[in-house]
Amino acid sequence: MENTNNTKTAIFGGGCFWCTEAIFSNLNGVIEVLPGYIGGVKANPTYEEVCTGQTGHAEAIKITYNPSLINYNQLLEIFFSTHNPTTLNRQGEDVGTQYRSEIFYTDENQKELAKEYMHILSEEKVFEDPIVTKLSLAGVFYVAEDYHKNYFEKNGDKNPYCQLVVKPKVDKFKTKYSSKLK
C-alpha cells in the first residue's frame with residue numbers, strides 16, 4: 001500500500017469523512033486526501049449503503065503524504081486531537097459503525113507506532129474515558145463518490161452540517177496547528 005516517489009499512505013476512520021478530509025488536506029506534507037470506505041464486507045459500497053451500517057465499512061480517509069515533511073506520528077497526533085477516540089461508533093451526533101474510530105495500518109511499522117501512541121495517550125490519561133479506537137490491517141479502500149471529494153471546500157458556506165459541525169472543527173484545528181498548515 002505504500003506509494004512510490006517517496007510518499008507514504010495513512011488510512012484513518014475518525015467519523016464523518018467530510019470533517020477528517022477538511023482537516024488533513026490543510027497539512028503541509030499531505031499530498032492528497034481521499035474520502036472513502038474500508039473495513040467492511042461489501043465490494044464497491046455506495047454512500048447510501050454504508051450509511052445503513054449494514055456493510056461494515058467505516059467512513060475513512062486515505063492520506064498520501066511526504067514523510068520528509070510530515071511523519072506518521074504527527075498524523076497520529078492530529079488524528080487523536082481532532083476527533084473523539086473514546087466514543088464507540090459515534091462522533092458527536094453521527095452515530096453508527098460507519099463513524100467508528102479506527103486506524104487502518106498499511107505495514108507493521110504503522111501498527112507499532114499506533115499501538116505505542118495509544119498506549120502513551122492512555123498512560124498519560126489524555127482522555128477521561130478509555131480509547132476505543134480499533135487498530136486493523138488495511139484492506140481494500142473504496143474511494144467515495146466524486147461529490148464527497150473536497151466536500152467542505154465546495155459546500156462549507158451553504159451546507160448546514162458543514163457550518164455547524166465541520167467548520168468549528170476545522171477552525172479549531174487551524175488555530176492549534178497553524179505552524180503545520182500549507
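**Notebook: domain, active-site cysteine, cores and rings**

I began with the record: UniProt, in an unreviewed entry, places the feature "domain: Peptide methionine sulphoxide reductase MsrA" at residues 9-163. I note at the outset that I am working from a predicted model. Over residues 9-163 I read the chain as 31% helix and 25% strand, with the end C-alpha atoms 29 Å apart.

**Entry on C16**

I turned next to C16, which the unreviewed UniProt entry lists under "active site". I located C16 in the loop between β1 (8-14) and α1 (17-24), and I looked up its accessibility: the relative accessible area is 7%, so C16 counts as buried, the cut-off being under 20%. Leaving out residues up to four places away in sequence, I found that C16 touches E59, D94, Y99 and Y161.

I then asked how many disulfides a search of the whole structure finds. The search returns zero disulfides. C16 is accordingly in no disulfide, and the nearest cysteine sulfur, that of C19, is 4.5 Å away. Seen from the other side, the closest cysteine sulfur to that of C19 is in C16, and the separation of 4.5 Å is too far for a bond, because a disulfide requires the two sulfur atoms within 2.5 Å. C19 is buried as well, with a relative accessible area of 4%.

**Entry on helix α1**

Since C19 is one of the buried residues of α1, I checked the helix as a whole and found α1 mostly covered, eight of its eight residues being buried. I list them here as F17, W18, C19, T20, E21, A22, I23 and F24.

**Entry on the nonpolar cores**

I wrote down as background that nonpolar side chains in soluble globular proteins tend to be buried together. In this model the largest nonpolar core has 41 residues, and those touching the most other members are F12, F24, I63, L75 and F80. A second, separate core holds eight residues, among them A60, F104, A138 and F141. For I63 I looked up the contacts, again without residues up to four places away in sequence, and obtained K8, T9, A10, F12, F24, V30, E32 and V33.

**Entry on aromatic rings**

I counted ten aromatic pairs. For F12 and Y72 the ring centres are 6.1 Å apart and the planes stand at 35°, so I recorded the pair as tilted. This pair links distant parts of the chain, F12 lying in strand β1 and Y72 in helix α3 (residues 72-81), 60 residues apart, and both F12 and Y72 are buried.

F17 and Y47 also form a tilted pair, with 6.2 Å centre to centre and 35° between the planes. F17 lies in helix α1 and Y47 in helix α2 (residues 47-51), so this pair ties together parts that are 30 residues apart in sequence; both F17 and Y47 are buried. Beyond single pairs, I found that F12, F24, Y72, F79, F80 and Y117 form one aromatic cluster.

**Entry on L137**

Last, I asked whether L137 is buried or exposed. L137 sits in strand β7 (residues 134-137), and at 56% relative accessibility L137 counts as exposed, because the cut-off for that class is over 50%. Without residues up to four places away in sequence, L137 touches F104 and Y105, and I noted that F104 is included in the second core. I also took one distance: L137 and K42, 95 residues apart in sequence, are 17 Å apart in space, C-alpha to C-alpha.

Conventions. Residues are numbered from 1 along each chain as its sequence is written. This is a predicted model: local features need pLDDT of at least 70, side-chain atom pairs count only at pLDDT 80 or more; totals for chains, interfaces and linings use all residues. Side-chain values use heavy atoms; hydrogens and water are left out. UniProt positions are given in the numbering used here, feature names are shortened, and annotations may be inferred rather than shown by experiment. Helices (H or I, at least four residues) and strands (E, at least two) are DSSP runs, numbered from the N terminus. Buried means under 20% relative accessible area, exposed over 50%, partly exposed in between (1.4 Å probe, protein chains only). Contact means heavy atoms within 4.5 Å. A nonpolar core is a set of buried Ala, Val, Leu, Ile, Met, Phe, Trp, Tyr and Cys residues joined through side-chain atoms within 4.5 Å. Rings of Phe, Tyr and Trp (its six-membered ring) pair if their centres lie within 6.5 Å; planes under 30 degrees apart count as stacked, over 60 as edge-to-face and the rest as tilted.
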